[in-house]
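Colleague: I'm new to this and would like to zoom in on a single part of this model. Could you pick one spot, walk me through it slowly, and then show me how it fits into the rest of the chain?

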Amino acid sequence: MPLFFPQEDASDVRRRYKPDVIKGDMDSIRREVLEFYASLGTEIVDKSHDQDTTDLHKCVTYIRDSASGLDKSNQLCVLVVGALGGRFDQEMGNLNVICRFSSMRIVLLSNDSLIHLLPRTYCHEIHIQTSVEGPHCGLIPIGTPSKSSTTTGLQWDLNNTAMEFGGLVSTSNIVKEEKVTVQSDCDLLWTISIKKL
């Protein structure tokens with residue numbers, strides 16, 4: 001966070017934007033960072049005994065369980081900053097999390113792109129914020145091949161098009177309208193480029 005506010009004292013920024021909870025297996029957090037936030041009252045949830053799920057999986061579980069009593073918990077959107085652009089195995093783990101929690105809207109964000117899951121059970125309307133995203137986009141079948149995917153609003157729209165790994169996937173497409181619609185018989189990953197400001 002201090003990088004977003006270079007004119008301010010880093011310690012002040014860290015205190016102002018402290019996390020409510022740090023949860024994970026604690027293998028990648030420096031001890032002094034953990035102690036700093038613990039001293040500010042951040043709850044520390046050590047799940048080092050659980051090596052079968054990723055830290056993101058652990059955190060999404062915590063968010064889901066914490067929001068389950070809220071009236072609008074099904075409208076919850078989780079934004080995961082820095083989820084892309086690192087090690088490929090970790091990126092794949094993050095994609096697995098958005099598939100495992102398909103009933104939640106989880107957005108993976110990097111400096112270059114945004115990804116979220118489009119579950120097969122809906123006709124999706126995606127409203128493009130042209131000042132910050134696009135024009136490059138893609139639709140990638142995940143889990144199973146798509147026998148039929150249809151879009152509007154793209155340079156190369158799909159029209160009951162079959163897609164699968166080892167065959168056609170819609171990458172390097174271009175957003176042409178401010179509203180894109182997508183319908184598919186399988187779950188798709190929607191990805192769109194982020195503009196450099």
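**A close look at His-124**

Modeller: Let's start with His-124, which is found in strand E6 (residues 123–127). Strands (E, at least two residues) and helices (H or I, at least four residues) are DSSP runs, numbered from the N terminus. Before going on, keep in mind that this is a predicted model, where local features need pLDDT of at least 70 and side-chain atom pairs count only at pLDDT 80 or more, while totals for chains, interfaces and linings use all residues. Residues are numbered from 1 along each chain as its sequence is written, and side-chain values use heavy atoms, with hydrogens and water left out.

Is His-124 buried or exposed? With a relative accessible area of 14%, His-124 is buried. That word means under 20% relative accessible area, while exposed means over 50% and partly exposed is in between, using a 1.4 Å probe on protein chains only.

So what does His-124 touch? Skipping neighbours within four places in sequence, His-124 is in contact with Leu-118, Pro-119, Val-180, Thr-181 and Val-182; contact here means heavy atoms within 4.5 Å. Pro-119 comes up again, as the side chain of His-124 reaches the backbone oxygen of Pro-119 at 2.8 Å.

Now zoom out a bit. A UniProt annotation from an unreviewed entry, "domain: Thiamin pyrophosphokinase thiamin-binding", covers residues 124–188. Be a little careful with that label: annotations may be inferred rather than shown by experiment. In the model, this span is 0% helix and 54% strand, and its end C-alpha atoms lie 11 Å apart.

The domain assignment splits the protein chain into domain 1 (1–52), domain 2 (56–110) and domain 3 (112–196); bounds like these come from an automatic or database domain assignment. Between domain 1 and domain 3, the C-alpha centres lie 35 Å apart.

Next, a helix. H4 (residues 88–100) has 13 residues, and its end C-alpha atoms are 18 Å apart, which agrees with the expected 18 Å at 1.5 Å a residue. That expected span is 1.5 Å times one less than the number of residues. The buried residues of H4 are Glu-91, Gly-93, Asn-94, Leu-95, Val-97 and Ile-98, and they pack against helix H3 (55–67) and strands E4 (105–109), E5 (113–118) and E12 (188–194).

There are also seven salt bridges in the structure, each a side-chain nitrogen of Lys or Arg within 4 Å of a carboxyl oxygen of Asp or Glu. One of them joins Asp-112 and Lys-196 (2.6 Å, N to O). This pair links distant parts of the chain: Asp-112 sits in the loop between E4 and E5, Lys-196 in the segment after E12, and they are 84 residues apart. Asp-112 is partly exposed at 45%, whereas Lys-196 is exposed at 60%.

For the whole picture, the protein chain has four helices and twelve strands. Its C-alpha atoms fill a box of roughly 55 × 40 × 35 Å, taken along the principal axes. Buried residues make up 39% of the 197 residues, and His-124 is one of the buried ones.

Conventions:
Polar contact = N/O pair within 3.5 Å; in protein donor to acceptor, adjacent residues only side chain to side chain.
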